[in-house]
Amino acid sequence: MSNRNSSSSAAEHAFAPFIRTLGKGKTGTRSLNQGEAQQAFGMILRGEVEPLQIGAFLMLLRVKEESPDELAGFVQACRAHMKIPPQTLKADLDWSSYAGKKHQHPWFILSLLLLAQAGHRVFIHGSAGHTPGRLYTEDAMRQLGLPIASNWTEVGQQLDASNLSYLSLEHFCCPLEELMQLRSLLGLRSPVNTLSRMINPLNARASVQSIFHPAYARLHQEADRLLEQPRSMVFKGDSGEIEVKPQADTRLYLLHNQQVQEMLLPRSIAKRIESVVTPDVESIKALWRDSVHNQYGLNATLATTAAALVVLCPDINLEAAQLQATELWQNRDTAGLP
């Protein structure tokens, strides 16, 4: 980010009009259109904006709440600025993982394994460390010996070898990663936490995203519509990660060819489930290897897998996806987890 001192110049900074648009007050404020949003965020990513302006911009958006047009424009700016992957590098499912687990173990990792063993090329991208006390996907996958890449070449090799690869945001869009880490400084989430989930850098035909607040489902879907994502799903997951909570009814919001469909995945556990003291991967290993039975973990894994199968496979419904998830579990290769 730029560290220049703009106070020495009387001329208005080129970024100032975007802040003014967002901060004129109750009657004068408006959202940016998609083109303005792309231009503004592109300036930020290129280091053409002062740190003070970035903080003001992000917090004004936070108070106003970002619009679908703004989100779509921000994502377009990120796609234009990021390290572009080779055109031959393809994935079936884009899986964003930016929240980290706090209340439960990262059971969704077992869903990733089931999908990969079923032949689906799953690309995961995320960030770590911006919220203390959480177990982030990169750390969990590293502890489990699962494939973590440092560049697009390694992503391709890992997808070819195991249908699974994780790449940290810092390796393909470093300025966005820097913005992500501002959360501890600002004390609040910003639109960065939302737009990062929607980048879909490999242009996968299907994407799945998690939200923490249900109201953001429509925001995600409308932005995906503007970005012409062929097929995507969003739902409220545990701790903001893509993991169905078995003790809660889960509404799945599917976007397919610009059409919205809502499905209900009923809870499979009636009682209240206590949070774990500290999320870890040993419980993940134990369930995968059948050395310990954990009904919560199994139900979370199967439900999350079923939701992913719905967005991956347009020709199956939720009931068929649930049956397929169970079959994948019963036929899994337990050696797939080192």
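**Largest pocket, helix α4 and cysteines**

Seven nonpolar, nine polar and five charged residues make up the lining of the largest pocket. The structure is a predicted model, and this pocket encloses about 420 Å³ of space. Its lining comprises 21 residues, of which R183, R189, N193, R197 and F212 are the closest to the centre. Three elements, α10, β5 (206-211) and α11, give two or more residues each to that lining.

Helix α4 can be considered next. This helix runs over residues 68-81, and its 14 residues should span 20 Å at 1.5 Å a residue; the end C-alpha atoms are 20 Å apart, so the expected and modelled spans agree. The buried residues of α4 are P68, E70, L71, A72, G73, F74, V75, A77 and C78. Among the elements that cover these buried residues are α1 (16-22), α2 (34-45) and α3 (51-64), together with α8 (174-180), α10 (191-195) and α11 (216-226). Helices α10 and α11 thus appear in the cover of α4 and also in the lining of the largest pocket.

The cysteines complete the account. C78, one of the buried residues of α4, has a relative accessibility of 0% and therefore counts as buried. C313 has a relative accessible area of 13%, and it is buried because this value lies under 20%. A disulfide requires two cysteine sulfur atoms within 2.5 Å, and by this rule the model contains zero disulfides. For C78, the nearest cysteine sulfur is that of C173, at 4.8 Å, and C78 is in no disulfide.

Conventions
Residues numbered from 1 in each chain as written. Predicted model: local features only at pLDDT ≥ 70, side-chain atom pairs only at ≥ 80, totals over all residues. Heavy atoms only, no water. Helix = DSSP H or I, 4+ residues; strand = E, 2+ residues; numbered from the N terminus. Expected span 1.5 Å × (residues − 1). Buried < 20%, exposed > 50% of the residue type's maximum accessible area, 1.4 Å probe, protein only. Contact = heavy atoms within 4.5 Å. 1 Å grid on protein atoms, 1.4 Å probe; cavity = no way out; pocket = protein on both sides within 12 Å on 5 of 7 lines; lining within 4 Å. Points joined across faces, edges and corners; volume = space filled by probe spheres on them. Nonpolar A, V, L, I, M, F, W, Y, C, P; charged D, E, K, R; others polar.
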